[in-house]
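Visitor: Hi, I have a structure open here. Can you walk me through it?
Guide: Sure, let's bring it up.

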Amino acid sequence: LEVTPLKPMPEYQTMSWKQLNSPETREGRPTLEEYQAEQAKNHVADMESLKTSIYVYTKSFVRSMSHKIIRQDQEQQVNERVNRDVIFMLKSINALQSRKARKQKLLLGGLYSVFMLIFFAIAVLQRHVLEAYGLQSALSDNIRSIKAAGNLRFNDISDTPGIFLWLETALLPNVFPQPAWYNGDVVSPFDRDYFLGYNRIIGGLKLVQRRVDPALCYDDAAQIVRHFNSTYTKESSPVCSKRFNEYYPILYPDLKAEHRSKEHFGPSHDRHKYRWQADEHGGGFYVFTTNDPVLTRKLISELWMDRWIDKSTRRLEITFDVYNGNYRLFS
């Protein structure tokens, strides 16, 4: 509110004292004292109105601030309650996950213990070393003596086509013989999957390839080039594909730990088809077959088309497991 200070009436400001007190001037008009008294009364009324307005505003302000503080307290309490609930839920989830992980560890530990018991039981049952060695030698000698097409034996293999020829025409027909007896009778399902008649085949074949990195340099063989090329230096030809020039364009390294390759490879349409797997012999590229001879032949044909064996191949291991019931031995 705006309070106006006491001022004399405007029309009387230019009059003298005599004019102000003349009868003509005073007639029908309030005196100066009456005017000032009226102004003072209005001033007091304005001050009372101002006090009332200030009181009402202060009361409403205090009430709004009180409501705001109460609302903030309520929101803080709600947030604290929500935080407590969230923390409790997270602790519950962590407890459930820990309990689940503990159960899984216990289950894996139990399965591992059962596996070790079975393993040691089998190891104890195969305590006849001479019989196990004799069975292993008989199987190995038989496989090496099998003739493939063209009288190709295992020890006569000298190139990659010879490997696939021996697999398809020598190994597979003997490991997975035809389901018929020598007189043409059909072999029952109980008599199938026997190698040499008495060794039950467990699963299929396992083919493992050990490879080297062709980008590595075989420094030991560089001496051959130095013998024929006196201008050769390691600094002048640091890349294997350029090192040996016209004498030998590429010379791959041997199968050492630092030379082994773990890079995925495959045909042009799938460069990551064959993947490396770790094992106790440094790792290799595994291919597993089934005990179905048709599917096994199809897989070997696929390996042939994919050029699974190349110049980076340093070793090819072919393994299959059998059980001889007469000796009660695995091999």
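## Pockets, a patch and some salt bridges

Guide: The largest pocket has 18 lining residues, and those nearest its centre are Ile-143, Phe-154, Ile-318, Thr-319 and Phe-320. Keep in mind that this is a predicted model.

Visitor: What volume does the largest pocket have?
Guide: About 550 Å³.

Visitor: Which elements each supply at least two residues of its lining?
Guide: Two helices and a strand: α4 (129–145), α5 (160–175) and β5 (313–324).

Visitor: And where does the largest share of the lining come from?
Guide: From β5, with seven residues.

Visitor: How do the lining residues divide into nonpolar, polar and charged?
Guide: In the largest pocket, 11 are nonpolar, four are polar and three are charged.

Visitor: Next one. How much space lies in the second largest pocket?
Guide: About 350 Å³. Its lining has 17 residues, and the closest to the centre are Pro-177, Gln-178, Asp-191, Arg-192 and Asp-193.

Visitor: What is the lining of the second largest pocket like by class?
Guide: There are 10 nonpolar residues, three polar and four charged.

Visitor: Why use a probe to look for pockets?
Guide: Because rolling a probe the size of a water molecule over the atoms shows where empty space is left.

Visitor: OK, new topic. How many salt bridges does the structure hold?
Guide: Six. One of them pairs Asp-310 with Arg-211. Their closest N and O atoms are 2.9 Å apart.

Visitor: Where in the chain do those two sit?
Guide: In distant parts, 99 residues apart. Asp-310 is in the loop between α8 (293–305) and β5, while Arg-211 is in strand β2 (residues 199–211).

Visitor: Is Arg-211 buried or exposed?
Guide: Arg-211 is buried, because its relative accessibility is 8% and the cut-off for buried is under 20%. Asp-310 has 26%, so it counts as partly exposed.

Visitor: Which residue forms a salt bridge with Lys-273?
Guide: Glu-302 does. The closest N and O atoms of that pair are 2.4 Å apart. This pair links distant parts of the chain too, 29 residues apart. Lys-273 is in the loop between α7 (240–243) and β3 (276–277), and Glu-302 is in helix α8.

Visitor: Why do both count as partly exposed?
Guide: Partly exposed lies between under 20% and over 50%. Lys-273 has a relative accessible area of 28%, so it fits. Glu-302 has 32%, so it fits as well.

Visitor: How far apart are the closest N and O atoms of Arg-315 and Glu-317?
Guide: They are 3.8 Å apart, and the two residues form a salt bridge. Arg-315 is partly exposed because its relative accessibility is 40%. Glu-317 is partly exposed because its value is 22%.

Visitor: Which residues do shared partners join into one network?
Guide: Arg-210, Asp-279, Arg-315 and Glu-317, through their salt bridges.

Visitor: Last topic, the surface. Which residues make the nonpolar patch?
Guide: Tyr-57, Phe-61, Val-62, Met-65 and Ile-69 make the patch. The patch is about 500 Å².

Visitor: Where is Val-62 found?
Guide: In helix α3, which covers residues 32–125.

Visitor: Why can Val-62 be part of a surface patch?
Guide: Because patch residues need over 30% relative accessible area, and Val-62 has 45%. That value makes Val-62 partly exposed.

Technical notes: Residues are numbered from 1 along each chain as its sequence is written. This is a predicted model: local features need pLDDT of at least 70, side-chain atom pairs count only at pLDDT 80 or more; totals for chains, interfaces and linings use all residues. Side-chain values use heavy atoms; hydrogens and water are left out. Patches are made of residues with over 30% relative accessible area and no salt bridge: like charges are joined within 9 Å, nonpolar side chains (Val, Leu, Ile, Met, Phe, Trp, Tyr) within 5 Å. Accessible areas come from the Shrake-Rupley method with a 1.4 Å probe; for residues, only the protein chains shown count as cover. A salt bridge is a side-chain nitrogen of Lys or Arg within 4 Å of a carboxyl oxygen of Asp or Glu. Helices (H or I, at least four residues) and strands (E, at least two) are DSSP runs, numbered from the N terminus. Buried means under 20% relative accessible area, exposed over 50%, partly exposed in between (1.4 Å probe, protein chains only). On a 1 Å grid over the protein atoms alone, a cavity is a set of points where a 1.4 Å probe fits but cannot get out, and a pocket is an open set with protein on both sides within 12 Å along at least five of seven lines; lining residues have an atom within 4 Å of a point. Grid points are joined across faces, edges and corners, and a volume is the space filled by probe spheres set on the points. Ala, Val, Leu, Ile, Met, Phe, Trp, Tyr, Cys and Pro count as nonpolar, Asp, Glu, Lys and Arg as charged, and the others, Gly among them, as polar.
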